[in-house]
Amino acid sequence: MIYMVEMDFPHPERLAEWHAWYVAHIRELLTVPGFRASQRFEAILPAAAPYLALHEVSGPAMFESPAYRSCGGPGSTGEWRQLQTNWRRNLLKGLDATPDVPADSHVLLLDGAPDVALSPNVEVTWLRGIDLDRTVEECGIAIVTEPTPFLDIARHAPRVRLYRPISEKIRAAV
């Protein structure tokens, strides 16, 4: 399953520090049984929540585990919680693993936008929101190498967003 976290961090003077903290936080989360992988992204166009994290998790039960509760969720972010805005957490069903997004590719996210006309060669996987905030009922994810054909669509449809990787995919030790 995909645990998708979207947020804004409107504090440019602390951005480098926040990114470093977030990477350390992800490494801690990857010690939780069932938390398998993670990758972070940043929107290439203005968005209410320009930061996206796609985490690969075993399922809803992981969020109830003592291991997760000791280091995950909103209460685990310390001082950063007050600085993060537009924070949405959704558990999505439809993929067992997060996609591999190389540094030269982008995530195309269609948030409740199944009617958006895309080229037939764009392979979209549709996911359904099943837990946590449930602010996403359905979303599509595609990995695209060239974002240019999607820029006009994303500029005119706020539910269509393009993200570039800001981290590599980090996997839990096996």
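**Reasoning from values in a predicted model**

Guide: In this predicted model, Trp18 touches Met7, Phe9, Arg40, Tyr51, Trp80 and Gln84, leaving aside residues up to four places away in sequence.

Visitor: What makes these residues count as touching Trp18?

Guide: The criterion for contact is heavy atoms within 4.5 Å. Met7, Phe9, Arg40, Tyr51, Trp80 and Gln84 each meet that criterion with Trp18.

Visitor: Where does Trp18 lie, and why is Trp18 called buried?

Guide: Trp18 belongs to helix H1, residues 15-29. The relative accessibility of Trp18 is 0%, and buried means under 20%. Trp18 therefore counts as buried. As for distance along the chain, Trp18 and Leu83 are 65 residues apart, with their C-alpha atoms separated by 9.6 Å.

Visitor: What share of the chain counts as buried?

Guide: Of the 174 residues, 48% count as buried. The chain exposes about 8,700 Å², of which carbon and sulfur atoms supply 52%.

Visitor: Which secondary structure elements does the chain hold, and in what order?

Guide: The chain comprises four helices and nine strands. From the N terminus on, the order is β-α-β-β-α-α-β-β-β-β-α-β-β.

Visitor: Why is the chain called as compact as a globular protein of that length?

Guide: The radius of gyration is 15 Å, and the globule rule gives 16 Å for 174 residues; the two values are close, so the chain is as compact as a globular protein of that length. Along the principal axes, the C-alpha atoms fill a box of roughly 45 × 35 × 30 Å. Among contacts with a separation of 6 or more, 76% are between residues 24 or more positions apart.

Visitor: How do you know that strands S1 and S4 pair?

Guide: Pairing requires at least two bridges between the strands. Six bridges join S1 (residues 2-8) to S4 (residues 85-93), and these strands run antiparallel. One of the positions concerned is Tyr3, whose bridge partner in S4 is Leu91.

Visitor: What joins S4 to S6, and which residue of S6 stands opposite Leu92?

Guide: Four bridges join S4 to S6 (residues 125-132), again in an antiparallel arrangement. Gly129 stands opposite Leu92, and Arg128 is the bridge partner of Lys93.

Visitor: How do you know that S6 also pairs with S7?

Guide: Four bridges join S6 to S7 (residues 138-144), where at least two are needed for pairing. S6 and S7 run antiparallel, and the bridge partner of Thr125 in S7 is Ile141. In the hairpin of S6 and S7, five residues stand between the strands, and Arg134 takes a positive phi near 55°.

Visitor: Where does Pro114 lie, and what makes Glu138 a contact of Pro114?

Guide: Pro114 is in the loop between S5 (106-111) and S6. Contact means heavy atoms within 4.5 Å, and Pro114 touches both Trp126 and Glu138, not counting residues up to four places away in sequence. Pro114 and Glu138 are 24 residues apart along the chain, and their C-alpha atoms are separated by 8.4 Å.

Visitor: How many charged side chains of each sign does the chain have, and how far apart do the centres of the two sets lie?

Guide: There are 17 positive and 22 negative side chains, and the centres of the two sets lie 4 Å apart.

Technical notes. Residues numbered from 1 in each chain as written. Predicted model: local features only at pLDDT ≥ 70, side-chain atom pairs only at ≥ 80, totals over all residues. Heavy atoms only, no water. Helix = DSSP H or I, 4+ residues; strand = E, 2+ residues; numbered from the N terminus. Rg over C-alpha atoms; globule rule 2.2 N^0.38 Å. Buried < 20%, exposed > 50% of the residue type's maximum accessible area, 1.4 Å probe, protein only. Areas by Shrake-Rupley, 256 points an atom, 1.4 Å probe, with all protein chains shown as cover. Lys, Arg positive; Asp, Glu negative; His and termini not counted. Charge placed at Lys NZ, Arg CZ, Asp CG, Glu CD.
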